[in-house]
Structure formats: structure tokens, C-alpha cells
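Subject: Structure for you to look at

Hello,

Here is the structure I said I would pass on. Please open it first, then read my notes below with it in view.

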Amino acid sequence: MKREEVIAPGSVGTGLDARLGSRLAELRAEHGFSLGELAERSGLSKSTLSRAERAETSPTAALLNRLCNVYGRTMSQLLSEVEAEPATVLRAAEQQVWEDRASGFVRRSVSPPHGGLRGELVEGRLAAGADISYDRPPVPGLEQHLWVLDGTLAVTAEGTAHLLDVGDCLRLRVWGPTRFRCAGPQEARYVLAVVRP
């Protein structure tokens, strides 16, 4: 039985959602998957996948994570593929910001996008009470260094829970499910350094 992902409404056919939807459709075609085959591989329903590809909805972090797992990409790689041109310097005002309104998660791609590099920096913000779970990493064995800048963040990986305060840094390799939860009364803000294996 497929689980239906909760998807926040987005503006149909415009901006980042439209470019992202188009890229998701391209990736499915490049891999030769029908909607049914992709649904089987990702655990998402065909209707959810179809709406995301047509930019009728704004995809959640969990949905993108599942698709990244199928396509062997990190989320930053996927988002960088919808950028117009890669740059060596990415000014703060030009950094791609993506929001999962359903979960209270905001993600800023800090590193200039480049498909050939293994490392990237991401700024994450979780609203007070926000809780995100991923059932698998986008790329098995992904190395992550998580450095908390503001607030308190609870991270569970490999069945071990870590409570991180300002200045704390957690290093891990991700093979299975992970959970990120804002554990304090204020927003949690962190830097995530991601290194592909």
C-alpha cells in the first residue's frame, strides 16, 4: 500500500516549482520509468508524482528525498540542476531558498551549484516544533556534518538520538532513516556540510 505524501499548495507552473517539476519529469524519462514504475521504486502514489511533475503542488522534503534516492542524487544536486547557470561565487541574494511549508523546514543552498563536486553547504531552518523524518538517505553512505547555529536540534540516525545545542557539531554517515526535530521553543538554524561518497 502506497503512502500519500502531504504536499503544500504551490503556484502552478511558475518559478522553482515549475523548473523542479520539469526536471523530475526529465529524470523519469531519462531512466525510462513509467509513473507506475517510479511509484513502485519510491513508495509514492502515481497521482502525487504526476502532480509534482506538472508543478500542480510544491513537493515536500520527504518526497524529494525519496526521488533523490531513486535517482542517486542529493537534494542539492537536484535543486542545482534547475538553476540557469552554474557559478563559482554565489551571492547571498542569489542562493536558492526552498521551503517545505507542510513541515516548517526552510533550506538554503549556500554552495554554488556544480554537479561534478562531492561537497556542498546547506543552511537549514526548522520552525519551533517542526519535525522531519526521512525513511532513507538520497544517496546511501552520504557523509554529513551538522553544525547548530541557533536553537536546539534533536537528530536521530542509526537508532541513536543526539540533542545538539548552539555550537555543537554532529558528524555521521547516513545509511538508514533519519529524523530532525526542533527541540526548543525557538527556531533551530544549522549548517549542513554534505559529502557524497
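A residue is called buried when its relative accessible area is under 20%, exposed when that area is over 50%, and partly exposed in between. You will need these cut-offs for what follows. Please also keep in mind that this is a predicted model.

First, the overall picture. The protein has 197 residues, and 48% of them are buried. Its secondary structure consists of five helices and 10 strands. About 9,600 Å² of the protein is exposed, and carbon and sulfur atoms account for 52% of that area. I also looked at contacts between residues at least 6 apart in sequence: in 69% of these, the two residues are at least 24 apart.

Most of my notes concern salt bridges. How many salt bridges does a search of the whole structure find? The search gives 12. Some of them are described here.

Start with R23 and E30. These residues form a salt bridge in which the closest N and O atoms are 3.0 Å apart. Is R23 buried or exposed? Its relative accessible area is 11%, which is under 20%, so R23 counts as buried. E30 has a relative accessible area of 53%, which is over 50%, so E30 counts as exposed. This salt bridge therefore pairs a buried residue, R23, with an exposed one, E30.

Next, R28 and E53. Their side chains meet in a salt bridge, with 2.7 Å from N to O. R28 belongs to helix α1 (residues 15-31) and E53 to helix α3 (residues 46-53); the two are 25 residues apart, and the pair links distant parts of the chain. Here both R28 and E53 are buried.

Then there is a salt bridge between the side chains of E187 and R125, at 3.8 Å from N to O. Where do the two residues lie? E187 is in the loop between β9 (178-182) and β10 (188-195), while R125 is in strand β3 (residues 119-126), so this pair ties together parts that are 62 residues apart in sequence. E187 has a relative accessible area of 39% and is therefore partly exposed. R125, at 29%, is also partly exposed.

Finally, salt bridges can be connected to one another. R108, E123, D150 and R189 are linked in a network of them. Try finding these four residues in the structure yourself.

Regards

Definitions and conventions
Residues numbered from 1 in each chain as written. Predicted model: local features only at pLDDT ≥ 70, side-chain atom pairs only at ≥ 80, totals over all residues. Heavy atoms only, no water. Helix = DSSP H or I, 4+ residues; strand = E, 2+ residues; numbered from the N terminus. Buried < 20%, exposed > 50% of the residue type's maximum accessible area, 1.4 Å probe, protein only. Contact = heavy atoms within 4.5 Å. Areas by Shrake-Rupley, 256 points an atom, 1.4 Å probe, with all protein chains shown as cover.
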